[in-house]
Amino acid sequence: MNPMGVPTARVTMDVGAWDESRFVVLGGQSGNPFLPQYADQVPLWERGEGLPIFISESRVEEVVAHRLTLEPA
C-alpha cells in the first residue's frame, strides 16, 4: 500500500539544551513546488536529520547574517 501523505514538518526540541533543537520541512520553507528550494531539505528528511533552531540570544548573535529592524512610524 502506498502512503496517502506524509508529515510536512519534523521538529525535535531539546528541553535540556535548547540550542541543540532541530527542524526540517519536507516541502522547503515556502512549500511552493515551483521554487528551486522546494526540495532542498529532502536529503535531511531522508536521513532523519534537521536544521538547527538557535534559541539563546548568544547563539543567535553568532550565526545571524542579516538583521531587519522594523520601527513604528
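Start by selecting Arg59 and Phe54: Arg59 lies over the face of Phe54, at 4.2 Å from the ring centre. A charge counts as sitting over a ring if NZ of Lys or CZ of Arg is within 6 Å of the ring centre and within 35 degrees of the ring normal.

Before you go on, please note that this is a predicted model, where local features need pLDDT of at least 70 and side-chain atom pairs count only at pLDDT 80 or more, while totals for chains, interfaces and linings use all residues. Residues are numbered from 1 along each chain as its sequence is written, and side-chain values use heavy atoms, with hydrogens and water left out.

**Stop 1: Arg59 and Glu62**

Keep Arg59 selected and add Glu62. These two form a salt bridge, with the closest N and O atoms 2.8 Å apart. The term salt bridge stands for a side-chain nitrogen of Lys or Arg within 4 Å of a carboxyl oxygen of Asp or Glu. Why are Glu62 and Arg59 separated by about one helical turn? Because they are 3 residues apart in helix α2, residues 57-63. Helices (H or I, at least four residues) and strands (E, at least two) are DSSP runs, numbered from the N terminus.

Now switch on the surface. Glu62 is exposed, at 57% relative accessibility, while Arg59 is partly exposed, at 27%. Here buried means under 20% relative accessible area, exposed means over 50%, and partly exposed is in between (1.4 Å probe, protein chains only).

**Stop 2: Asp19**

Next, select Asp19, in the loop between β1 (9-12) and β2. Which side chain of opposite charge is nearest to Asp19? It is Arg59, 5.6 Å away, and Asp19 is buried yet has no salt bridge. For charges, Lys and Arg count as positive and Asp and Glu as negative; His and the chain ends are not counted.

Asp19 does have polar partners to show you. A polar contact of 2.4 Å joins its side chain to that of Ser56. The backbone nitrogen of Ile55 lies 2.7 Å from a polar atom of the Asp19 side chain. A polar contact is a pair of N or O atoms within 3.5 Å; within protein, one must be able to donate a hydrogen and the other to accept it, and residues adjacent in sequence count only if both atoms are side-chain atoms.

Leaving aside neighbours within four places in sequence, Asp19 is in contact (heavy atoms within 4.5 Å) with Ile53, Phe54, Ile55, Ser56 and Arg59. Try the distance tool on Asp19 and Pro52 too: they are 33 residues apart along the chain, and their C-alpha atoms are separated by 7.3 Å.

**Stop 3: Arg22 and Glu20**

Move along to Arg22 in strand β2, residues 22-25. Its side chain and that of Glu20 meet in a salt bridge (4.0 Å, N to O). The Arg22 side chain also reaches the backbone oxygen of Glu20 at 3.4 Å. Arg22 is partly exposed because its relative accessible area is 29%, and Glu20 is partly exposed as well, at 47%.

Which residues does Arg22 touch, not counting residues up to four places away in sequence? They are Arg10, Val11, Thr12, Gly50, Leu51, Pro52 and Ile53. One of these, Val11, is 11 residues from Arg22 in sequence and 5.8 Å from it in space, C-alpha to C-alpha.

**Stop 4: Arg10 and Trp45**

From Arg22, hop to Arg10 in strand β1. Select Trp45 with it: the charged end of Arg10 sits over the Trp45 ring, 3.9 Å from its centre. The backbone oxygen of Trp45 lies 3.2 Å from a polar atom of the Arg10 side chain. Arg10 is partly exposed, at 31% relative accessibility.

Beyond residues up to four places away in sequence, Arg10 touches Arg22, Phe23, Val24, Trp45 and Gly48. The C-alpha atoms of Arg10 and Val25 are separated by 6.5 Å, with the two residues 15 apart along the chain.

**Stop 5: Arg47, Glu49 and Gln41**

Select Arg47 and Glu49, whose side chains meet in a salt bridge (3.1 Å, N to O). Arg47 is exposed, with a relative accessible area of 52%, whereas Glu49 is partly exposed, at 38%. How many salt bridges does a search of the whole structure find? It finds 4.

Finish with Gln41, in the loop between β2 and α1 (42-47). Is Gln41 buried or exposed? At 5% relative accessibility, Gln41 is buried. Outside its neighbours within four places in sequence, Gln41 is in contact with Phe23, Val24, Val25, Gly28, Gln29 and Leu51.
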